[in-house]
Amino acid sequence: MTEPRPQSTTPDARDVILESALTLFARLGFDGSTMRLIAQEAKVSPGLIHHHFKDKESLWSKVGECITEDFLAAIEPITRQPVTARTVPDMVGSYLQYWKTHPAALRFQLWRVLGAQEAERRARSERLNQLFVPVFAQAQKAGFVRADIPAGQAMITTGALIHYWLHSQLEVADAIAAGGGAMPDEAAFLDYVLSLVAPR
């Protein structure tokens, strides 16, 4: 399975609902998805969804929570190690690989930043910032990341470019070609991204 499997101790129907909700939310966003459509996708009754989830907002929040937990399980171990010259490159590479191999989660993330469920977005943002910004700050102190910008800005620079690379391949390729360049492979792109936050 290429998408995070929602973890639950409740019956399998709950996981089926969460996977179906992820599919619909990724395709249609929060506003475009209805509980009836999610029920059809999950092949369950709307009543069963309401048995497990109070409303669409709580279902959206739970899908987002499942994605966040799966993402953290993939990336967080790197943050627990002492910071070395490889920490930021490894973390950024793992970040790219996670979103590349979880396309529905990536699309859900895009809908998130378009404004759906601000409270859920803010809670996730605070949690991730508390985890990753200190790693960039430690890397700055150790001389592995440029220190003339805030640590959070260095983190956002890498994350934003990776997201754009993944969801806008057509635009990236066209822009590079318009300037007479050739589309870089993934490794060359990552090298470029890391060069933007490398010490000067």
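Lys43 sits in the loop between α2 (35–42) and α3 (46–52). This residue is a good place to begin a tour of the predicted model. Although Lys43 is not a glycine, its phi is positive, at about 60 degrees. Lys43 counts as exposed because its relative accessible area is 76%, and the cut-off for exposed is over 50%.

From this loop, the view can widen to the whole protein. The structure contains 10 helices and 0 strands, so reading along the sequence gives the pattern α-α-α-α-α-α-α-α-α-α. Taken along the principal axes, the C-alpha atoms fill a box of roughly 60 × 40 × 30 Å. The protein has 200 residues, and 40% of them count as buried. Its accessible surface comes to about 10600 Å², with 56% of that area belonging to carbon and sulfur atoms. How much of the contact set joins residues 24 or more positions apart? Among contacts with a separation of 6 or more, such pairs account for 66%.

One of the helices, α4, offers a feeling for distance along a chain. Ser61 is placed in helix α4. The C-alpha atoms of Ser61 and Ile78 are separated by 26 Å, with their positions 17 residues apart along the chain. Ser61 counts as partly exposed because its relative accessibility is 28%, which falls between the limits of 20% and 50%. Once neighbours within four places in sequence are left aside, Ser61 is in contact with Gln117 and Glu120.

The second of these partners, Glu120, deserves a closer look. Glu120 belongs to helix α7, which covers residues 118–141. Is Glu120 buried or exposed? Glu120 is buried, because its relative accessible area is 12% and the limit for buried is under 20%. Not counting residues up to four places away in sequence, Glu120 touches Trp60, Ser61, Gly64, Glu65 and Arg112. With Arg112 there is also a salt bridge between the side chains, at 2.5 Å from N to O. Side chains of opposite charge can pair when their charged atoms come close. Both partners of this bridge are hidden from the surface in the sense used here: Glu120 is buried, and so is Arg112.

Arg112 leads on to helix α6, where it is one of the buried residues, together with Ala104, Ala105, Leu106, Phe108 and Gln109. Which elements help to cover these buried residues of α6? The cover includes α1 (12–32), α4, α5, α7 and α8. After α6 comes Gly115, which has a positive phi near 120 degrees.

The bridge between Glu120 and Arg112 is part of a wider set, as a search of the whole structure finds 8 salt bridges. Another one joins Arg80 to Glu76, where the closest N and O atoms are 3.6 Å apart. In this pair, Arg80 is exposed, with a relative accessible area of 59%, whereas Glu76 counts as partly exposed at 23% relative accessibility. A further salt bridge is formed by Lys100 and Glu186, with the closest N and O atoms 2.8 Å apart. This pair links distant parts of the chain, since Lys100 lies in helix α5 and Glu186 in helix α10 (residues 186–197), 86 residues apart. Both residues of the pair fall in the middle class: Lys100 is partly exposed, with a relative accessible area of 44%, and Glu186 counts as partly exposed at 24% relative accessibility.

The tour ends at the largest pocket, which has a volume of about 670 Å³. How many residues line the largest pocket, and which of them lie nearest its centre? There are 26 lining residues, of which Tyr95, Gln109, Arg124, Leu128 and Ile156 lie nearest the centre. The elements that contribute two or more residues to this lining are α4 (56–79), α5 (87–100), α6 (103–113), α7 and α8 (151–167). The largest share, 9 residues, comes from α7, the helix that also holds Glu120. By type, the lining divides into 14 nonpolar, 7 polar and 5 charged residues. Gln109 ties two parts of the picture together: this residue is among the buried residues of α6 and is also one of the lining residues nearest the centre of the largest pocket.

Conventions:
Residues are numbered from 1 along each chain as its sequence is written. This is a predicted model: local features need pLDDT of at least 70, side-chain atom pairs count only at pLDDT 80 or more; totals for chains, interfaces and linings use all residues. Side-chain values use heavy atoms; hydrogens and water are left out. Helices (H or I, at least four residues) and strands (E, at least two) are DSSP runs, numbered from the N terminus. Buried means under 20% relative accessible area, exposed over 50%, partly exposed in between (1.4 Å probe, protein chains only). Contact means heavy atoms within 4.5 Å. On a 1 Å grid over the protein atoms alone, a cavity is a set of points where a 1.4 Å probe fits but cannot get out, and a pocket is an open set with protein on both sides within 12 Å along at least five of seven lines; lining residues have an atom within 4 Å of a point. Grid points are joined across faces, edges and corners, and a volume is the space filled by probe spheres set on the points. Ala, Val, Leu, Ile, Met, Phe, Trp, Tyr, Cys and Pro count as nonpolar, Asp, Glu, Lys and Arg as charged, and the others, Gly among them, as polar. Accessible areas come from the Shrake-Rupley method with a 1.4 Å probe; for residues, only the protein chains shown count as cover. A salt bridge is a side-chain nitrogen of Lys or Arg within 4 Å of a carboxyl oxygen of Asp or Glu.
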